[in-house]
Every structure is written in structure tokens, then in C-alpha cells.
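Colleague: I should be grateful for a close look at the ligand site in this model. Please describe the surroundings of the ligand and then place the site within the chain as a whole.

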Amino acid sequence: MNILVTGANGQLGNEMRIVSRGLQDHYIFTDVVEMDCQETTILDITDINAICEMVKANDVNVIVNCAAYTNVDAAESNQDLAELLNAKAPENLAVAMKEANGLLVHISTDYVFGGDLYNTPCKENQKGTPTGVYGLTKLRGEQNIEKVGCNAVILRTAWLYSEFGKNFVKTMLNLIATKPQLKVVFDQVGTPTYALDLAKAIVTIIEHYKAKTFNSQFSIFNYSNEGVCSWFDFTKMIAEYTGNLNCDIQPCHSDEFPSPVKRPAYSVLDKTKVKEIYGITIPYWTDSLKICIKNLTKQ
Ligand SMILES: NC(=O)c1ccc[n+]([C@@H]2O[C@H](COP(=O)([O-])OP(=O)(O)OC[C@H]3O[C@@H](n4cnc5c(N)ncnc54)[C@H](OP(=O)(O)O)[C@@H]3O)[C@@H](O)[C@H]2O)c1
């Protein structure tokens, strides 16, 4: 199979590069810019002609869309760009996969929820109630893909971190090492997700597609690591795994860190569907965090 990965220079895209090593399928890694020491083919997912040409020229069977506008706060003042990247561009990819009779694996987010109050894990069929531009445009992206009608798997994930790019784990590693005291919110809970685990799940999903063991034209699945914690608990664990316990980490309320977007207070995803249909075993969040920190802190 020929598998095209978009946004390959981002967190998930880089983990896709790692998990694809040694696999038989041919992977093409694309992004808007080249990256040092990594083979990247330039592809702007807002350019439908460029996508269709690349799909045709490389006989692409699967697109994994890791590209997005991911800055949640900045999206509030960049609505047009967020709409273009998160809603219109996935539609472009869906059109290309419909023409090629291929599969689009698209990544979405827990931010499609949050407007309604709930305290049980979100199932895939829970009504989307985004609270900001990022969540709204990501929800529209899902809907646009469904309207096009290509074969599509949407994976909603949350609290993504990895060795690559900017993320909460890397920010906290730096703050824990440099600040004597830190306040972190305890009134937002969810589940951290190691992008490497998500990348492995994507490969499993593609294997099932190849083997034709699950063929639904359009399906949404949740994927995060197992377990539940607050950002405060997450930070305490990061400190523990680095062995740096000098920083005094204290819990605080969200209103101590005003933000343009109201974050979902309970962002826990129910992953029963992805586990049952694809037979995926999902690692517990602290086990994966330990691995990522080991990779980040090794000399
Ligand atoms: N990060 C999270 O906590 C989180 C949580 C839930 C869901 N998600 C979803 O998970 C997916 C992967 O997230 P991530 O954290 O890996 O994202 P990321 O690190 O921000 O990577 C996104 C990549 O897309 C690239 N890109 C931007 N515009 C593009 C364009 N026009 N054409 C092609 N590529 C373009 C970016 O390039 P530049 O950097 O040069 O702009 C970047 O390399 C996204 O769909 C995101 O919405 C993320």
C-alpha cells in the first residue's frame, strides 16, 4: 500500500515516521515545509489540486491526516486560517480519497465537546458542543469528511504529547527544572496521550483496512491513553519521573490562568469502541509517560 502522511513534521507525524520504519507499506511523509534531517515532500493540504496530483502520481491508498491548526488560543483570533486547515482541508483530502477509492484516517479532538456539563466518559455518538474556534472547526472537519462520503476513520484524541514539537510535557520539564514553585490547574481532568501510542493504533487500523476485517464507510473512534488525571496530577508525575522534586508544585483553579477559550472540564474519552473493533490494547497513561520522559531525558 502507498500511505501518505500529512503534517509529518508535527508531533504525531514524527511518531508516524518512527512506527512506519520496517513496515512493508510505502510511506510518503509530507508537510508545508521541509525539516532538517527528515525526508519530507512538500504538500499544502489547503491545495486540492496538489493533493489530487500527489495521490494520483503515487497511487496513494491511504491518507493519514496529522496536519491541523492546533493552537487553541490563537485560533480565536485566526478563525479563517483555523477554518481552512481544520474544516476545509480535511474535505480536500476526503475528495482525493473518494476519487482514488482509498481510506482517509483523520485526527480530531476532545475539544469537539465541552459546552455541555458531563461527568462520564464521552462516547463517539455524544453530541458535539465545542466551546471555541478550534473545537468548532475540528467538528466541521469531521462533518465535511462525512458529507464527501469517502472511506474514513476519524480518531478523536486528547492531551497529545511526544518527544517532538511543543507540548505540555516538554514545557513542564523545563519549568520544573527552572522554577522553585509552580501552580497547575486541578479542575480540568482528562487523559494524556503519547503520540507514539496513537501512531501504533493508526498502523493497526490500516492493517485491518488492508485485511478488510472492518469496513464501515465512515466511523468515529476515541483514542487516548488509559486512566484519568488532572493537569496537576500530570505535572506531579512528570516531576516524579524526571527525579527532580525540588520544584514545589501546587494545585490551582482554571480561573487563575485566564484564557480566550473555556477548556472542557471533563475531557475523558470512552475507548471501548476502538478496543472492541480493532483489538487494540491501550497503555496506561503513566506507563507511556515514563517511556517518553526516558526518551526526552536520555543523553
Ligand atoms: N496537540 C494536542 O494536544 C492534540 C489534542 C487533541 C487532538 N489533536 C489533533 O491531533 C492531530 C495532530 O496534532 P499534533 O499535535 O501532532 O499537531 P502539530 O504538532 O501542530 O503538527 C501539525 C503539523 O501540520 C503542519 N501544517 C500546518 N499547516 C499545514 C498545511 N497547510 N499543509 C500541511 N501541513 C500543515 C504544521 O506545520 P507548521 O508547524 O509549520 O505550521 C505541523 O507540522 C491534529 O489533528 C490535532 O488537531 C492534538
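Modeller: The account below begins at the ligand, turns to the chain, and ends with four individual residues.

The model is a predicted one. Around the ligand there are 25 residues, and D31, D44, T70, Y134 and K138 come nearest among them. Sorted by class, this shell holds 13 nonpolar, nine polar and three charged residues.

Three polar pairings with oxygen atoms of the ligand can be described. For Y134, an N or O atom of the side chain stands 2.6 Å from a ligand oxygen. For D31, a polar atom of the side chain is 2.8 Å from an oxygen atom of the ligand. Q11 takes part through its backbone, with an N or O atom 3.0 Å from a ligand oxygen. As for cover, the ligand on its own has 900 Å² of accessible area, and the protein covers 78% of that area.

The secondary-structure elements of the shell come next. At least two shell residues are supplied by each of α1 (11-20), β5 (103-109) and α5 (133-148). The greatest contribution to the shell is that of β5, with three residues.

Helix α5 also contains N144. With a relative accessibility of 13%, N144 counts as buried, because the limit for that class is under 20%. Beyond its neighbours within four places in sequence, N144 is in contact with A87, K88 and E91.

What does the chain look like around this site? The chain comprises ten helices and 14 strands. Its radius of gyration is 19 Å, close to the 19 Å given by the globule rule for 299 residues, so the chain is as compact as a globular protein of that length. Along the principal axes, the C-alpha atoms fill a box of roughly 55 × 45 × 40 Å.

Two further values describe how the chain packs. Of its 299 residues, 52% are buried. Among contacts with a separation of 6 or more, 80% are between residues 24 or more positions apart. The area that the chain exposes is about 13800 Å², of which carbon and sulfur atoms supply 50%.

Some individual residues in loops complete the picture. N71 sits in the loop between β4 (62-65) and α3 (72-75). Its relative accessibility is 43%, so N71 is classed as partly exposed, the range between 20% and 50%. A polar atom of the N71 side chain lies 3.4 Å from the backbone nitrogen of D73. In sequence N71 is 65 residues from T6, and the C-alpha atoms of the two are 17 Å apart in space.

Two other loop residues call for attention on account of their backbone. D59 is not a glycine, yet has a positive phi of about 50°. D59 belongs to the loop between α2 (48-57) and β4. The relative accessible area of D59 is 52%, so this residue is exposed by the limit of over 50%.

K212, likewise not a glycine, has a positive phi of about 55°. The loop that holds K212 runs between α7 (195-211) and β11 (218-222). K212 is exposed, at a relative accessible area of 62%.

To return to the request, the ligand oxygens are approached by side-chain atoms of Y134 and D31, and by a backbone atom of Q11.

Notes:
Residues numbered from 1 in each chain as written. Predicted model: local features only at pLDDT ≥ 70, side-chain atom pairs only at ≥ 80, totals over all residues. Heavy atoms only, no water. Near = heavy atom within 4 Å. Polar contact = N/O pair within 3.5 Å; in protein donor to acceptor, adjacent residues only side chain to side chain. Areas by Shrake-Rupley, 256 points an atom, 1.4 Å probe, with all protein chains shown as cover. Helix = DSSP H or I, 4+ residues; strand = E, 2+ residues; numbered from the N terminus. Nonpolar A, V, L, I, M, F, W, Y, C, P; charged D, E, K, R; others polar. Rg over C-alpha atoms; globule rule 2.2 N^0.38 Å. Buried < 20%, exposed > 50% of the residue type's maximum accessible area, 1.4 Å probe, protein only. Contact = heavy atoms within 4.5 Å.
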